[in-house]
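Here are a few exercises to work through with the structure open in your viewer. Try each task before reading its solution.

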Amino acid sequence: MKIIKLSVANGIHWLEIPEAGLRILCGCPMDSVKHLMKRGLIMPTEKNGVPCETGPNAILLSDVMLQNGEFANLGEFPVLQMLYKQGMILPGHPNNTGQKPLLIGQAEQVNAQMQYIFRGNYGLISKEEILACGVDEACADAVMRMKLRFAFGAIRPSRDLLDGCIVGDQPIEIRNGVTVQRTGTNLYAFHYAGETVLVDLNLTASQRYESAYPLGYQLLPREYFAVVHSGEGDGWDVNRPSMSSILMFHGKIYLIDAGPNLFHNLSALGIGIDEIEGIFHTHAHDDHFAGITTLMRSGRKIRYYATRLVRATVEKKIAALLSIEEERFGDFFAVHDLAPESWNDIEGLEVRPILSPHPLETTIFLFRTLWQDGYRTYAHFADIVSLELLEKMIVADPTKPGVDRACYERVRAEYLTPVELKKLDIGGGMIHGLAKDFATDTSTRILLSHLARELTPAEKEIGSSAPHGMMDVLIPGESDFARRRAFSLLQSIFPTIPLHHLRMLINSPLIDLQPGKILLKEGEVPANIHLILSGAVEKIRTRDGIFGRISSGDMIGEMSGLLESGSRHTYSAACYVKALAIPVGIYRELVQRNGFMERILRNAEFGAFLQSTPLFSEGMSPPIMGPLLDELTLRNIPAGEILSCRDLNRLNIIHSGRIERSIAGAGVDLLQPGDHFGEERAVFNTPCLFRLKALDDVELFQISGDQVREIPIVRWKLFESYHNRTMLVVHGGDAESGSFRWDNAFNIQILEMDTHHKRLVEIANAIMEILRHDEDRRSLENAFESLLDYTEYHFQAEESLMERYGYPERQRHQEKHRHLVKQVLEFHAGLRERSVLQQVDFHGFFTQWLIRHILNEDRYYSVFLNAKGVY
């Protein structure tokens, strides 16, 4: 056997060809390095007497950027492991042979990873980007000096450190006679010396990327002001989550950072996604960032708190990973920018973010609230720098990389601020802190974190560690936070119910459920209706393939209780759960007295069907689902009818029947009951790309796009399916079919502009599909309106970028833009005068109009900006 293949975890495989010196990590979701370490595929060793680690020297990337809502490609830590822990970049190291780590995959994914790793290394990469975040010149200069010192004097593009191997449908050699061929979505065939091995990176619909470590379940009381220690490890610790904390304030839940396997971590602590009030973000390294997609799977926008510098870095990193515009971040979070170096009052919780030296924009946090004799304060100091190293960075010349003495003294004073509870990064090395710097710290309690080993005796003299889930209570809670939450949830479900009726419901018993406890079995008639207050519950009906998850705000057994009928599902506690057990009799009586029964029964059938679909199977508590059902409309489509683009201004869910989706005459997929379509126009404001034909008589549930846009979990699922489908069109079209195919040669190596250009190609393909079938004129008008709007948006962004960096040919380029807008307006006017559209050569026009501009004009400014470190 010349090719060795091992299955490591869901979506992760190991491929090794010893004769060719090739070791490939196939699939790199979050914590893939930890999985390799657990399997012994990364181990400590020596080479020529020099300590180092074994591990991969290449990564096979997933074709899709997201799988089941999680990032599929997170190569930051695997690449760091190759460069530094294996020694592939270290001067004089025996493993530094000149061979770079290799990224293997489709062009879209390789380019995305190059940009994401670039942002992970440096964050904001120029004074101009820093100034755009609202800081003054002196601060921007200081940040760039410090950043360049960490970067050894120069910000280098990822291609200086990494190689890429672009894979298509034909075999291509990787290295030393090993070839690879893509055989389907996420399917790859590797060949060497007559052997062939197949690798499948796909997850099934019910699979998630696995956690590298088990966590025990815990039941946490809600407190007035407390800190739950949810992570004490680092990006290399195979036994613990990365450094993070959970703040409780007035019984509400706030996260500090979103590390890998956040879903698993919160489940172990009995916290449902919909309980989270907000997140405070320190910085964008993957061990503090990779779990952010979990927070996008909420039924409402979770508040995002960070300084503008940190938020800008996070937005650029997500934009690179998903090839989307940076401002799309606000589609999933309620963004609240924090003023740096100041106390920000958040409903009584005062927060002070402080800029801390690190390779990319990072803040440490102080949290405080008033109590009795003054303040109680918690300090969360993630990814700090050792004072010894910082002192060595002092450079008197302000034109050279480094920091000044005043910066050092300021940082030292901030680090040693005495508080009631302080949590520290003591990971050491080039970019992390040391415990000894805090030997004289007079804080009441110090916790030492962010490392993958036990504390030394000397460190234990300074501080202690905290087991997962341990809680430090700074101010105990005397209120009944559970009943307060129950009151708030019931009031949102029944906004018009009298207060005395609410009090009757609130007087129901509170119960705690252990993990695995079955609340209600399929077929059972419940005695109580359970309102979930904390934790999460699994909703199961295996014969129909239903396996969903519901959390805070959901009600279990409502319809079966009201109708005295058997439950349609089994409900099992996924972790520790607290619920309000409302007796069915009083619930039914109050529902009838207040006139809610008709509405509940009317919406019951529709709601049950929607919640059986993948799109609405989780995160849809009654306060969120109710308004959707109130506005939902039905539409019937006869067999054989073609749905025009003007019919797709609402999100459609198929209740019965089948619809064929096609483009350029070729079938894309077959839509059946439970599937959805129309999100292009309804949610993402893009012309419809596909032709839809009813194969049977079809009944549709139609929902307003305005409503769906405000539900992050639904929008996130729609984005995943929409993005994966449209990328296949943008990258898989051809001129013969009338579709336009994006070519890797069109990339100008500036991420934001490349993303815009691909979106324009997507809109162009939609126009070509309308023209191909001579669709109604209103659809064409809408499509051209989208093209013009996005063109104006793109040109404005491009010109702002040129102005920011002082591109000398900016005025000439602006004149080219004005000419391009005039051309598309003239082309559009010409179409209005034509009676037949099918013979219009929009493909030829678009090639001349945009592609030649990209290949000719945009290349000039891209070279100029690349030279300034802008990619």
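**Exercise 1. Find what Ser 552 touches beyond its neighbours within four places in sequence, then work out whether it is buried or exposed.**

Keep in mind that this is a predicted model.

Step 1: Skip the neighbours within four places in sequence, and Ser 552 is in contact with Asp 274, Glu 275, Arg 485, Leu 489, Ile 532, Leu 533, Gly 535 and Ser 621.

Step 2: Place the residue: Ser 552 sits in the loop that links β32 (546-551) and β33 (555-556).

Step 3: Check the accessibility. Ser 552 has a relative accessible area of 3%, and the cut-off for buried is under 20%, so Ser 552 counts as buried.

Step 4: Look for polar partners. The Ser 552 side chain makes a polar contact with the side chain of Arg 485 at 2.5 Å. A polar atom of the Ser 552 side chain also lies 3.2 Å from the backbone oxygen of Leu 533.

**Exercise 2. Work out which polar partners the side chain of Asp 425 has.**

Step 1: Locate Asp 425 in strand β25 (residues 421-425). Its relative accessible area is 0%, so Asp 425 is buried.

Step 2: List what surrounds it. Leaving out residues up to four places away in sequence, Asp 425 touches ten-odd candidates you can click through, including Met 243, Phe 381, Ala 382, His 432 and Ser 449.Step 3: Take one of these, Ala 382: its C-alpha atom is 5.2 Å from that of Asp 425, though the two residues are 43 residues apart along the chain.

Step 4: Pick out the polar pairs. The Asp 425 side chain reaches the backbone nitrogen of Gly 427 at 2.8 Å, and it makes a polar contact with the side chain of His 432 at 2.9 Å.

**Exercise 3. Trace the open sheet of seven strands and find which strands are at its edges.**

Step 1: Read off the order, β20-β19-β18-β17-β16-β15-β27, with mixed pairing.

Step 2: Find the strands that pair on one side only: these are β20 (333-337) and β27 (471-475), the edge strands. From one strand to the next, the twist averages 25°.

Step 3: Zoom in on one pair. Strands β18 (residues 276-280) and β19 (residues 302-306) run parallel and are joined by three bridges. Ile 279 has Tyr 304 as its bridge partner in β19.

Step 4: Add the helix. α9 (residues 308-322) packs on the sheet and touches β19 and β20, with its direction at about 120° to that of β19.

**Exercise 4. Which helix gives the most to the lining of the second largest pocket?**

Step 1: Find the pocket, which has a volume of about 1300 Å³. Of its 41 lining residues, the closest to the centre are Leu 80, Tyr 84, Pro 359, Met 430 and Ile 431.

Step 2: Compare the helices. At least two lining residues come from each of α2 (76-85), α3 (107-122) and α5 (137-150), and α2 gives the most, with seven residues.

Definitions and conventions. Residues are numbered from 1 along each chain as its sequence is written. This is a predicted model: local features need pLDDT of at least 70, side-chain atom pairs count only at pLDDT 80 or more; totals for chains, interfaces and linings use all residues. Side-chain values use heavy atoms; hydrogens and water are left out. Two strands pair if DSSP finds at least two bridges between them. Helices (H or I, at least four residues) and strands (E, at least two) are DSSP runs, numbered from the N terminus. Axes are lines fitted to C-alpha atoms, for helices over the stretch in contact, and angles run from 0 to 180 degrees between N-to-C directions. Contact means heavy atoms within 4.5 Å. Buried means under 20% relative accessible area, exposed over 50%, partly exposed in between (1.4 Å probe, protein chains only). A polar contact is a pair of N or O atoms within 3.5 Å; within protein, one must be able to donate a hydrogen and the other to accept it, and residues adjacent in sequence count only if both atoms are side-chain atoms. On a 1 Å grid over the protein atoms alone, a cavity is a set of points where a 1.4 Å probe fits but cannot get out, and a pocket is an open set with protein on both sides within 12 Å along at least five of seven lines; lining residues have an atom within 4 Å of a point. Grid points are joined across faces, edges and corners, and a volume is the space filled by probe spheres set on the points.
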